[in-house]
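Open the model in a viewer and keep the selection tool at hand. The stops below go from one selection to the next.

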Amino acid sequence: MSKSLIQFIIEEQRHMGASGDFTGLLSDIISACKQIAHAVNKGDLIGVLGSAGSENVQGETQKKLDVITNDIFMQSTEWGGHLAAMASEEMDEIYPIPAKYPRGKYLLTFDPLDGSSNIDVNISVGTIFSILRCPDGVSNPTEKDFLQPGAKQVCAGYALYGPSTMLVLTTGHGVDGFTLDRDIGEFILTHPQMKIPADTSEFAINMSNRRYWEAPVQRYVEECTKGKEGGREKNFNMRWVASMVAEVHRILTRGGIFMYPFDTKDPAKAGKLRLLYEANPMSLIVEQAGGASSTGRQRILDIQPDELHQRVPVILGSKNEVDRVVGYHQGA
Ligand code: AHM
Ligand code: MG
């Protein structure tokens, strides 16, 4: 018989001897992802495409769906009594759970709609989330309580709104993938224990930034594009969806390396992707599936965050290729 995501989580909780709080939180997150899948899928039929006419804290123009999906995620998770506070790409400050609801022991960070530049052109987008424990004794969390290294995540996951909607998650015991069966409204386990092959011949990077990269990334990509004629043992293929969720999902399915490396395009930014709700959850998922994730100089999950919306360089995917790029950084 097919196994639903809720059944899967309840069974995990039994093994862990957990209280049920975590299952409650995850069930609220699942509900949010189903609602977002519905809004993304309906698109212009319900008038949700286009710009919201506002900017987020990172100075990026918000799409209507960025705002709508942020509200869906907040409203679905704030009431349950499982969270003490949450933080999102679309909110400048952390959001402590309002006094009218009970406060719980977890902190949630999320990017409600990642890759949102792809919405209007009907290309896959996703939601990324990360669950942390609220530090002991803290009943009124502040930003500093969120500044925990990614290795401390209790759970990380993403929903991919593609030809089918999938939810992929880890609680630190491997990575499992579930597909939304719209007829019954349930996520069903379809991809148990996903594993990233250690070797790959596919790379993903935004080549238009090439002139801004550092020497180790220049060298690696140059070798990939030259393939057998440039000293590598094989030729490489390239992909760039501009939706990190879609790229990570491809890598979990058939291997690959994804890079949004350090570049000199904007000296104020260390990278493009955000540590707490993009790089950390994706790094935990990738490592739990046997892959690797690094800035080029440091394992991402070891980074001690300095601020909520901090950006980091990201190089993740098939282990042997990530190790090669890290090696080029060490040699530089
Ligand atoms: P977003 O959170 O504003 O959508 O930005 C993150 C996205 C990633 O999904 C993707 O890998 C990257 O930005 C694409 O950037 P670019 O447009 O520079 O190729
Ligand atoms: Mg994002």
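A residue counts as buried when its relative accessible area is under 20%, and as exposed when that area is over 50%. The model is predicted.

Select Cys155 to begin. Its relative accessible area is 0%, so Cys155 is buried. Now add Cys33 to the selection: its sulfur is the nearest cysteine sulfur to that of Cys155, at a distance of 11 Å. A disulfide needs two cysteine sulfur atoms within 2.5 Å, so Cys155 is in no disulfide. How many disulfides does the cut-off give for the model? The count is zero.

Go on to Cys224. This cysteine is buried because its relative accessible area is 1%.

Next, select residues 311-312, which make up strand E16. Arg311 belongs to this strand. Is Arg311 buried or exposed? With a relative accessible area of 14%, Arg311 is buried. Show Leu275 together with Arg311: 36 residues separate the two along the chain, and their C-alpha atoms are 5.5 Å apart.

Move to the surface and select Asp92, Glu93, Glu143, Asp306 and Glu307. Together these residues form a negative surface patch. Within that selection, pick Glu93, a member of the patch. Where along the chain does Glu93 lie? Glu93 is in the loop that runs between strand E3 (83-88) and strand E4 (95-96). Its relative accessible area is 56%, which means that Glu93 is exposed.

To end, show Glu93 and Cys155 in one view: Glu93 is exposed, whereas Cys155 is buried.

Methods: Residues numbered from 1 in each chain as written. Chains lettered and ligands numbered in written order. Predicted model: local features only at pLDDT ≥ 70, side-chain atom pairs only at ≥ 80, totals over all residues. Heavy atoms only, no water. Patch = residues over 30% accessible without salt bridge, like charges linked within 9 Å, V, L, I, M, F, W, Y side chains within 5 Å. Areas by Shrake-Rupley, 256 points an atom, 1.4 Å probe, with all protein chains shown as cover. Salt bridge = Lys/Arg side-chain N within 4 Å of Asp/Glu carboxyl O. Lys, Arg positive; Asp, Glu negative; His and termini not counted. Charge placed at Lys NZ, Arg CZ, Asp CG, Glu CD. Helix = DSSP H or I, 4+ residues; strand = E, 2+ residues; numbered from the N terminus. Buried < 20%, exposed > 50% of the residue type's maximum accessible area, 1.4 Å probe, protein only.
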